Structures are given as C-alpha cells and as structure tokens.
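Here's a quick tour of a two-chain model, written for someone who wants the definitions next to the claims. Have a look at the structure first.

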Amino acid sequence: MKLRQGTFSFLPDLTDAEIHTQVQYCIDNGWAVSVEYTDDPHPRNTYWEMWGHPMFDNPDAAAVVFEVNECRKQFGDYYIRVIAFDSTHGWESIKLSFIVNRPKDEPGFHVSREEVKGRSMRYSIKSYATDKPEGKRY
Amino acid sequence: MTNNNISENKNSHLGKIDLHAELVETGVEQVLVDLDKSLIGLEPVKTRIRETAALLLVEKAREKLGLAHETPTLHMSFSGNPGTGKTTVALRMAELLHKLGYVRKGHLVTVTRDDLVGQYIGHTAPKTKEVLKKAMGGVLFIDEAYYLYRPENERDYGQEAIEILLQVMENNRDDLVVILAGYKNRMNTFFESNPGFRSRIAHHIEFPDYSTPELLDIGSSMLDQLNYYLTKSAKDAFIEYINLRKEQPHFANARSIRNALDRARLRQANRLFKENNGPVNAEILSTLEEVDIRESRVFSGGIDN
C-alpha cells in the first residue's frame with residue numbers, strides 16, 4: 001500500500017528535477033527547507049529524524065537535491081521527505097511537506113477494533129512494518 | 001499563397017541564430033562593456049573573458065539548434081599578485097555565467113582555507129559540504145587555494161577538503177563553478193602536487209601587475225568616486241610615490257594605492273585642522289595637495305603598508 005502523506009502523494013513519485021523545481025519554489029518564498037527520514041510510517045508520527053540541519057541560507061535547490069541523494073545512499077529503504085518551514089511571524093509552521101523516497105515494499109496498515117463500554121467501537125491503525133524493531137523494518 | 005510564404009520564412013528563421021543579437025539580449029554584452037569600463041588595464045584577462053563568453057554563447061546556440069554539445073568545464077584558476085583584481089573579476093564572472101545561463105543564481109561565495117578545513121577529525125567533510133551547498137547555483141571563489149594543501153603535515157585535513165572539492169567539481173558540474181585564486185608561483189606548485197585539480201580546471205587566467213600609469217588611473221578613479229581630486233603637483237608626487245612603493249616589499253597593486261590614498265585623506269584632514277584658515281568650502285575639502293602625498297614615509301625611505 002503506497003503511503004499517501006503530504007503534498008503530491010497521489011501523484012507518481014517525483015523525479016529529481018521535479019523535486020528541484022518544488023524546492024526552488026520553497027526557497028524563493030523564503031522558507032527553510034530540510035530533509036527528514038523515518039521507518040515508522042504511522043500518520044501520527046509527526047517528528048521524523050532530521051538529516052542534517054535545516055538549510056536556511058542556500059539560495060539554490062541543488063543543495064537540497066544533493067542532500068536528498070546523500071540521505072538515499074544511507075537510508076534508501078526508509079521514507080524520506082522534504083519539508084519547508086515558514087518562519088514568518090504568525091505562521092511559524094511547515095508550509096509544504098512531500099515524500100521523496102519510500103521503501104520498495106510497503107506492507108500497509110492493520111486496523112484493530114476494540115469493543116468498549118456499551119456497543120462502542122474504538123479503532124486504531126498500526127503499520128505491519130513496525131512489528132519489527134527500528135532499523136529492521138523494511 | 002501569402003500563407004505559404006510566411007511559413008517558409010519562419011522555417012528559415014528557425015535554423016538560424018543571430019549571435020550578436022543573442023549577445024545583447026542575454027545582457028552579456030552589457031557585462032563585458034562594464035568590465036572594460038570599470039577595470040583599468042588587465043588586457044589579457046579581459047581578452048580571456050571575452051573568449052570564454054564567446055565560447056559559451058556558441059555552445060548555447062549549438063544546443064538550441066540541436067547540434068552535439070556538452071556543458072563545458074567552467075572551473076577556473078586566477079593567478080596573480082595581490083591587488084590585481086581577482087575577486088572583482090570573479091564577481092563579474094559570476095554575473096556573466098548567470099546571464100549566459102550556466103549558473104542558476106549567479107551569487108559568489110568567497111572562502112579561504114578556514115571555511116573549508118575543520119579542526120578535528122570528522123569536522124572537515126561537513127564543513128566543506130556546507131560551503132559547497134551554499135555555493136550551489138553560483139560560483140565558489142577559493143582565495144589562496146594553495147593553503148588547502150600542506151605537504152609538510154601528513155595528517156593535515158586539507159587533503160580531505162581537496163578530495164571532496166574534486167568530487168563535487170566533477171559530479172555537480174551543472175550546479176556550481178569553482179574559481180581558485182592565488183599568487184602565481186604558489187598556485188603552480190599547488191597544481192603540480194594536485195594533478196587532479198589541474199585537469200579539472202579548463203581556464204587558467206593570469207592577472208598581470210599594473211603599470212605606473214594604470215595605477216595612477218586606478219587611484220584617480222578611486223578618488224573620483226569619493227569626490228576628491230589631486231592637484232597637478234600632487235599628481236606628480238603620487239607618480240613618484242607609486243614608483244618608489246613598487247620597489248618596496250609587500251606591494252599589493254591596487255590595494256596599496258587605496259591604502260596610500262586613505263592615508264593621504266587622513267593627512268589632508270589633519271592639515272585642514274592645523275591650518276585653521278577659517279570656514280572651508282567644498283573645493284578645499286575635496287583637494288589633495290602635494291604635501292598630503294609628500295609626507296608619506298615612503299619618501300623618507302620608510303615602508304608603507
């Protein structure tokens with residue numbers, strides 16, 4: 001099951017040239033772009049591992065594409081995303097986030113149902129991949 | 001019938017590119033003219049830059065017409081004595097390459113050994129990469145590049161920086177242009193001991209020293225910008241000064257001239273206070289007299305910076 005998180009996730013995977021164009025858009029807007037990776041695809045897993053520092057002062061997107069490729073070399077079987085942070089007063093949040101790398105095999109999620117008081121149901125989801133310990137999931 | 005004619009005309013245009021129109025359109029001509037005007041002397045450098053610009057323009061035109069082309073290697077080396085305009089030309093080069101479409105942003109990142117080489121093991125690679133990333137889309141100017149290589153110290157981290165530089169210069173040729181700069185003979189030694197650099201650098205540009213009249217012109221234009229001028233006798237004294245100063249050690253061409261003029265302005269201000277001839281006008285405030293020049297230590301056998 002293809003993970004659909006962030007912008008462009010319903011499109012085919014972006015090529016490096018497309019990533020470059022998107023990142024350049026972010027930089028031209030004055031957002032700080034950074035690269036993050038994880039092997040826990042749960043939608044509530046908000047904070048992924050940082051790959052280096054956010055790149056505040058790179059005027060060109062080539063640097064980000066370079067870092068994405070460096071990250072792929074080490075974490076080729078992880079999820080890698082690019083996020084753009086807008087530090088403008090009042091925003092101070094992520095304006096754009098998209099996945100740039102995913103594992104070859106994505107097993108998807110298990111929905112577990114729990115009957116609680118009365119006839120209520122409680123649902124939760126869990127990635128099949130996270131059965132295994134960190135670092136051995138994909 | 002008329003329709004036919006138009007389409008034929010169009011087709012014949014498609015196969016042709018007016019190089020001169022291209023030169024003006026891209027704004028390259030403007031940069032070259034500015035370069036000619038604002039930089040005094042440096043004829044061989046200007047010629048080389050014109051040649052390079054022509055080559056790059058032809059390469060672009062070939063690409064448009066679908067002929068075989070490949071991105072030429074643009075890494076350069078600027079060698080020459082201090083104060084011969086290497087940094088200034090690098091700045092123009094960045095602008096030029098940007099207008100020609102060979103770098104995307106056209107900014108210049110100036111670094112020295114300190115910005116590239118770390119202080120302990122594992123510090124150098126991230127530091128160099130950080131700088132390279134910052135320079136992507138623009139031009140990386142490495143001043144006094146030979147300091148990167150210190151053969152006397154086997155464990156010097158400079159070698160690591162050199163390796164990363166070479167790798168990025170090769171693999172990310174479309175992303176950045178590297179310009180190495182430094183004194184001529186030391187650059188030669190540097191290239192001899194790092195053959196990898198020599199082969200990756202296509203353009204070796206040498207910056208000649210300025211002649212005395214050129215230095216005088218440079219000085220005059222510097223003063224012009226500051227709304228100062230030299231009197232006739234001050235000018236003669238200044239020519240004498242330049243000739244004496246040139247023979248002294250640590251002569252840094254245009255930079256020495258700027259320093260000399262800064263000191264002359266200082267002495268002029270001092271003189272105006274001492275003379276205390278009542279109110280001053282713009283004329284007096286912008287005139288450098290012979291004494292302002294003559295008081296320099298150089299005339300009494302001393303050494304100026």
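The notes below go through confidence, then a set of strands, then the contact between chains.

This is a predicted model, in which local features need pLDDT of at least 70 and side-chain atom pairs count only at pLDDT 80 or more, while totals for chains, interfaces and linings use all residues. Residues are numbered from 1 along each chain as its sequence is written, and chains are lettered from A and ligands numbered from 1 in the order in which they are written.

For chain A, mean pLDDT (the predictor's confidence in each residue, from 0 to 100) comes out at 93, with 100% of its residues at 70 or more. Among its elements, E2(A), residues 49-55, sits lowest with a mean of 91, and E3(A), residues 79-86, highest with 96.

Over in chain B, look at strand E3(B), residues 139-142. Strands are DSSP runs of E, at least two residues, and helices are runs of H or I, at least four, numbered from the N terminus. Val139(B) and Phe141(B) point one way, Leu140(B) and Ile142(B) the other, and all are buried (20 or more other C-beta atoms within 10 Å of the residue's own, C-beta atoms being placed from the backbone). Strands pair if DSSP finds at least two bridges between them; here are the pairings of E3(B):

| Partner strand | Bridges | Sense |
|---|---|---|
| E2(B), residues 108-111 | four | parallel |
| E4(B), residues 177-182 | four | parallel |

Phe141(B) is the bridge partner of Thr110(B), and Leu180(B) that of Ile142(B). From E3(B) the chain passes through helix H8(B), residues 158-171, to E4(B) in a right-handed β-α-β crossover (clockwise from the first strand over the helix to the second, with the strands pointing away from the viewer).

Finally, the contact takes eight residues from chain A and ten from chain B, counting C-beta atoms, placed from the backbone, within 7 Å.

Technical notes:
Contact = placed C-beta atoms within 7 Å. Buried ≥ 20, exposed ≤ 12 C-beta atoms within 10 Å, placed from the backbone.
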